[in-house]
Amino acid sequence: MVRRGCLTMASGAALFAAGQVSRTFAIPRAETTAAQAVDVRGGGHTAVVGAATGNALPSLGLSSMAGVALAAGMSAKRCGAKRSSRVVCAAGSEGKKRCLVMGGTRFIGCYLVAKLREQGHDVVVCNRGKTNGGQPDRLPGVTDTDYEKMLEGVSVLVADRKDPQQLKAAVASAGKFDLVFDNNVRKLAEVQPLVEGIQASGGCEQFFLMSSAGVYGPTDVLPLSEENPGDPNSRHKEKLQCEQFLESQGLSWTSIRPVYIYGPLNYNPVERYFFDRVTRNRPVCIPYDGKYITQLGHCEDLANFMVKCIGNPAVKGQVYNISSEEYVTFDGMAKLCAQAAGGPEPKIVHYDPKLVEVPEGFPKAFPFRGMHFFASIEKAKRDVPDWTPKFSMLDGLRSSFQQDYLARGFDKQQPDFRTDELILSKAMSAA
Ligand SMILES: NC(=O)c1ccc[n+]([C@@H]2O[C@H](COP(=O)([O-])OP(=O)(O)OC[C@H]3O[C@@H](n4cnc5c(N)ncnc54)[C@H](OP(=O)(O)O)[C@@H]3O)[C@@H](O)[C@H]2O)c1
């Protein structure tokens, strides 16, 4: 077995369990710098735990699974127990890849990690260990046993990507990765040290960049196609620069441009915005005349697309819009959400957003941008022929309502409707 040197930049009480890490040692924070390290040996790997900004690590006897458990604040005993599982490992040992997923602890990252594990790949998630204790969240409907089985192939690499040196050092020392999924990139300065770290450890077969359909400039011809130019003034303009950078580095890269993403575990109140109102028989306040057309793609369809790109030469150096097959108006979204929640047609109140100034601290007035915003997914279907979105909007919204909205008790909470009240009072006085 090849002995690999692995470095964890520990910014909390967390560690990187690369391969079979069997022991860790406590490092009192005051005695540790980024350059200092403590050996963690086992299973042929040497993991080096460096505390750049962190706390002391507890001294524990750990398997790699328990390492993840530590990062996640879970009980090592609970995770160490032997269990049978229904998690399917499709890839034989030859097809098995070592994958780096940036982020990986919430929403889309969790679906991606679960799909990679279903296919038998090993996954290292790289994050600060702040969200969900550093480990991927459990997908809805997954049993304890299957969740734990899934986590057995997941290790946590702790690094803050706002600190370029820390990120580069952590990735460079973590051993070679076959696949890199940069899910949470926003800035060019965040992707550069990641690429340097990957190149220092021997390069990778494929590099996936999570971009956004928000990169496109204004257009009169819809749906948006990958041939539309990027907007140099867009909020996401640096994602375009990241694509150029990956090309300049000679990497086999693929960029993914989702429109809005929805589905269970969505932390953005997109579908929840509508469920909060239709389940309480409140009017749904919708800007303009409700006729703007938008598009939402299900998180599971997105993750499916990403794993189906693995080993596909057609996706090299390409960008893909990913979303659902359907387009929906703002009003249509309110109606579909009401239907998904099993309620009657919602009462919709249209308003002119220019007349409403939302005070600081109030919730956002509406989850979508006030413009037509939808994209063609034909290129993705052509180049990855065994992929097509499996969720219709209504089915996807039903899954969000049942498996997330009700399951997580959002129906029992008291949403903040102050912005609605403001809009409704303006709409009344304008009428
Ligand atoms: N949601 C949409 O509708 C939509 C649409 C189009 C495109 N996108 C794109 O999809 C991506 C969103 O993905 P996401 O929800 O997984 O990512 P995210 O919300 O951007 O990031 C969450 C993950 O990144 C980690 N993280 C955050 N800051 C970090 C830092 N400084 N250093 C290291 N790790 C850090 C978090 O863990 P810790 O907190 O533990 O570090 C967590 O695992 C973005 O690139 C977005 O542009 C989203």
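Which residues of β8 are buried on one side, and which on the other? Select strand β8, residues 206-210, in this predicted model. Gln206, Phe208 and Met210 are on one side, and Phe207 and Leu209 are on the other. Every one of these residues is buried, so that both faces of the strand are covered. The count for β8 is five buried residues of five.

**The whole chain**

Before going further, show the entire protein. The model has 431 residues, and 46% of them count as buried. Its secondary structure comes to 13 helices and 16 strands. Among contacts with a separation of 6 or more, 80% are between residues 24 or more positions apart.

Colour by pLDDT next. The average is 83, and 78% of the residues score at least 70. Now select residues 1-89, where pLDDT stays under 50. For this stretch the model has 208 contacts beyond four places in sequence. Where pLDDT is low, the predicted coordinates should not be read in detail. You may hide residues 1-89 for the rest of the tour.

**From β7 to β8**

Return to β8 and add strand β7, residues 179-182. The two strands run parallel and are joined by four bridges. To see one matching position, pick Val180, which stands opposite Phe207 of β8. Then display helix α6, residues 188-200, through which the chain crosses from β7 to β8. This β-α-β crossover is right-handed.

**From β8 to β9**

Select strand β9, residues 253-258. Its pairing with β8 is parallel and has four bridges. Leu209 of β8 has Ser255 of β9 as its bridge partner. Helix α7, residues 237-248, carries the chain from β8 to β9, again in a right-handed β-α-β crossover.

Stay with the loop between β8 and α7, and zoom in on Pro223. The peptide bond between Leu222 and Pro223 is cis, with omega of about 0°.

**From β9 to β14**

Add strand β14, residues 318-322. Strands β9 and β14 run parallel, with five bridges between them. Four of the five residues of β14 are buried.

Is Gln318, in β14, buried or exposed? Gln318 is partly exposed, because 18 other C-beta atoms lie within 10 Å, whereas a buried residue needs 20 or more. Gln318 is the bridge partner of Thr254. Leaving aside neighbours within four places in sequence, Gln318 is in contact with Thr254 and Asp383. Draw a distance between the C-alpha atoms of Gln318 and Trp253: they are 65 residues apart along the chain and separated by 7.3 Å.

**A buried loop residue**

Move to Ala341, in the loop between α10 (330-340) and β16 (348-351). Ala341 counts as buried because 22 other C-beta atoms lie within 10 Å. Beyond its neighbours within four places in sequence, Ala341 is in contact with Phe275, Val278, Thr279 and Phe401. For another C-alpha distance, choose Ala341 and Gln402, which are 8.1 Å apart in space and 61 residues apart in sequence.

**Two positive phi values**

Which loop holds Asn132? Asn132 lies between β5 (122-127) and α4 (144-151). Its phi is positive, at about 55°, although Asn132 is not a glycine. Asn132 is partly exposed, with 18 other C-beta atoms within 10 Å.

The other stop is Tyr288, in the loop between β11 (284-287) and β12 (293-294). Tyr288 is a residue other than glycine with a positive phi, near 60°. Tyr288 has 15 C-beta neighbours inside 10 Å and so counts as partly exposed.

**The ligand**

Finally, select the ligand and the residues around it. How many residues surround the ligand? The shell has 25 residues, and the closest are Gly103, Thr105, Asn127, Arg128 and Asn184. The elements that give two or more residues to this shell are α3 (108-118) and β10 (260-262). Colour the shell by class to finish: seven of its residues are nonpolar, twelve are polar and six are charged.

Technical notes
Residues are numbered from 1 along each chain as its sequence is written. This is a predicted model: local features need pLDDT of at least 70, side-chain atom pairs count only at pLDDT 80 or more; totals for chains, interfaces and linings use all residues. A residue is near a molecule or strand if its C-beta atom, placed from the backbone, lies within 6 Å of it. Ala, Val, Leu, Ile, Met, Phe, Trp, Tyr, Cys and Pro count as nonpolar, Asp, Glu, Lys and Arg as charged, and the others, Gly among them, as polar. A residue is buried if 20 or more other C-beta atoms lie within 10 Å of its own, exposed if 12 or fewer, and partly exposed in between; C-beta atoms are placed from the backbone. Two residues are in contact if their C-beta atoms, placed from the backbone, lie within 7 Å. pLDDT is the predictor's confidence in each residue, from 0 to 100. Two strands pair if DSSP finds at least two bridges between them. A crossover is right-handed if, with the strands pointing away from the viewer, the path from the first strand over the helix to the second runs clockwise.
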